[in-house]
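Here are my notes from going through the model you sent. Have the viewer open while you read.

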Amino acid sequence: MRNMQTFNGLFTKKIENRLIYLSRMEKPLKDKLKIVKYIPKNVANILDVGCADGSLTIALAKTFPDKIFLGVDLDDNFLDLAKEKAQGLKNIKFEKIYLRDLLARPERFDVVIFCSVLHEFFSYGEGISSVLKAIADAHELLRKSGVIIIRDMILSEYTKNANLKCLEVADKIYKAGLDITKEFEVRFGKLNNIYKINHYLLKYFYQENWNREGKENYVPVTIEQYGQIFSLLGMREQSESYLLDFFKDKWKKDFNLTADEISEFKSTGIIVAQK
Ligand SMILES: C[S@@+](CC[C@H](N)C(=O)[O-])C[C@H]1O[C@@H](n2cnc3c(N)ncnc32)[C@H](O)[C@@H]1O
């Protein structure tokens with residue numbers, strides 16, 4: 001229960017502007033629904049961890065009316081919104097329960113989804129330990145051949161050592177003169193490799209919620225590290241990563257980045273692992 005207390009104490013108080021937070025999550029809903037193709041056809045029960053106001057869970061439940069969905073979160077206000085929005089849908093339930101506590105119950109799942117949530121487990125929990133525990137719990141909650149789907153901001157390990165073109169990009173960022181650049185560097189270090197610049201580019205524009213967003217580590221676990229975790233769990237894994245168009249346009253406009261410079265960066269990773 002310690003994590004639950006940490007979460008309630010540190011996390012819920014810090015969502016200063018819930019409407020901004022929710023609209024930010026809802027914008028890429030269409031892209032989030034890319035995970036649909038990874039949901040196997042003949043499965044019955046799907047768990048959505050960190051469902052927030054239920055936008056994604058509800059969209060999935062409408063796409064798959066024959067499957068039963070459970071959305072869990074620890075935020076009462078988000079869950080109230082989710083329940084309200086899901087009225088009339090028979091194949092969906094929302095509940096405030098800590099992931100680990102589901103293990104005490106008999107129900108098991110064919111699919112466990114973590115969408116835009118594991119970086120929050122990392123940032124508001126106990127770092128990598130909370131991510132490892134969440135994935136291990138999900139693994140334990142899965143039926144045979146069950147699938148874990150992670151969609152989040154995920155970068156590659158090699159970008160930590162890649163600095164080709166990064167001086168030019170960092171220069172353009174410094175020239176823009178945003179105060180939050182200094183704050184970012186105090187927390188995460190100088191913009192001296194692709195990994196850190198990519199992390200910065202994913203968050204600099206959340207200035208309204210900066211007290212919260214600035215502290216979060218958006219990219220705490222690399223694609224390769226997820227691969228290692230799933231390999232230890234004996235799961236077969238596949239992944240894809242890409243850059244949403246929204247970012248391309250924004251970075252070009254805000255920092256005058258060229259298409260060549262932008263090509264170094266990613267916004268999104270999807271990792272699918274089967275038990
Ligand atoms: C960025 S939102 C993502 C919401 C939704 N999955 C989506 O993609 O639209 C992250 C959600 O994870 C929830 N969350 C963070 N840590 C959690 C934890 N340890 N257990 C359950 N939910 C958690 C937050 O309350 C928040 O609603």
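The points below cover one helix, a run of paired strands and the ligand site.

1. Ground rules. This is a predicted model, so local features need pLDDT of at least 70, side-chain atom pairs count only at pLDDT 80 or more, and totals for chains, interfaces and linings use all residues. Residues are numbered from 1 along each chain as its sequence is written.

2. Helix α7. Helices (H or I, at least four residues) and strands (E, at least two) are DSSP runs, numbered from the N terminus. With 14 residues (128-141), α7 should span 20 Å at 1.5 Å a residue (times one less than the number of residues), and its end C-alpha atoms are indeed 20 Å apart. Its buried residues (20 or more other C-beta atoms within 10 Å of their own, C-beta atoms being placed from the backbone) are Ser130, Val131, Ala134, Ile135, Ala138 and Leu141. Down the axis they fall within an arc of 130° (directions from the axis to the C-beta atoms), so they line one face of the helix.

3. Strand β5. Eight of the eleven residues in β5 (142-152) are buried. β5 pairs (at least two DSSP bridges) with β4 (109-115) in the parallel sense over six bridges, and Val147 stands opposite Val111 there. With β7 (268-274), β5 pairs in the antiparallel sense, also over six bridges; Ile149 has Val272 as its bridge partner.

4. Ligand shell. Around the ligand there are 21 residues (C-beta atom, placed from the backbone, within 6 Å), and Gly50, Ala52, Cys115, Ser116 and Glu120 come nearest. Helix α6 (118-124) gives the most, with three residues.

Technical notes. Buried ≥ 20, exposed ≤ 12 C-beta atoms within 10 Å, placed from the backbone.
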